Amino acid sequence: MKIKLMVALLIISVSSIVFTGCKKDARPVAATNELQSILGKSRGTTQIAGVGFYDATDVCNSAGQGASYALTMTGDLTGCFYTLVEEYDCSPSGTYRETGRDFFVGTYKGQSGSFWMNYKFEAKYEGCAADGSYLGLEIVGRCEHPVVEGSGTGVFEGVSGRLHFKDDIAAGDYPYTGHLQF
């Protein structure tokens with residue numbers, strides 16, 4: 001009889017712990033806030049893609065914008081992508097590295113705006129010049145462009161995220177992908 005009573009009390013004790021622990025309001029506050037934080041960070045993240053083309057005819061007026069050169073952008077971002085080269089070097093093997101800032105002015109889903117990015121470009125060229133610039137043709141290249149938070153205007157106000165370019169040497173263009181959080 002004592003064993004049955006002890007087993008019954010044990011079952012009641014365990015079940016009260018299990019049922020109390022499973023109640024929605026019994027969840028620790030820190031875990032709830034962490035989950036909400038994670039979910040909040042993923043909201044509004046939009047995958048983007050398209051192709052940039054070297055602005056050979058200077059439609060974007062890169063010199064007038066203080067840029068080293070510009071790309072005309074198509075796809076999800078349509079407009080002018082200005083690049084301001086700040087530092088570069090090239091190793092004897094033809095490995096070229098460059099850093100600087102970018103400024104996009106254009107549209108997203110028909111709405112105008114702009115934002116700034118920092119970038120890091122790495123490529124392999126046929127050779128290097130004595131001043132650290134590259135020589136010859138590009139063999140392969142890619143770059144990362146994290147958005148400078150707080151730099152957006154118009155449709156891009158408050159935007160954060162990153163763009164990635166992987167140069168298409170054969171086609172002579174610059175396909176991009178990325179994620180923006182609005």
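Modeller: Before we start, a word on terms: buried means under 20% relative accessible area, exposed over 50%, and partly exposed in between, with a 1.4 Å probe and protein chains only. This is a predicted model, where local features need pLDDT of at least 70, side-chain atom pairs count only at pLDDT 80 or more, and totals for chains, interfaces and linings use all residues. Residues are numbered from 1 along each chain as its sequence is written, and side-chain values use heavy atoms, leaving out hydrogens and water.

Colleague: How many disulfides does the structure hold?

Modeller: A disulfide here is a pair of cysteine sulfur atoms within 2.5 Å. C60 and C80 make one, with sulfurs 2.0 Å apart, and C90 and C128 make another at 1.8 Å. So the count of disulfides is two.

Colleague: Which parts does the C60 and C80 pair tie together, and how far apart are they in sequence?

Modeller: Strands are DSSP runs of E, at least two residues, numbered from the N terminus. C60 sits in the loop between β1 (45-54) and β2 (69-75), while C80 is in strand β3 (residues 77-90), so the parts tied together are 20 residues apart in sequence.

Colleague: Is the C60 and C80 disulfide left-handed or right-handed?

Modeller: Look at the torsion about the S-S bond, which is about -85 degrees. That value makes the disulfide left-handed.

Colleague: Is C80 buried or exposed?

Modeller: Its partner C60 has 4% relative accessibility and counts as buried. C80 comes out at 15%, so C80 is buried.

Colleague: And C128, buried or partly exposed?

Modeller: C90, its partner, is buried at 15%. C128 has 21% relative accessibility, so it counts as partly exposed.

Terms used. Helices (H or I, at least four residues) and strands (E, at least two) are DSSP runs, numbered from the N terminus.
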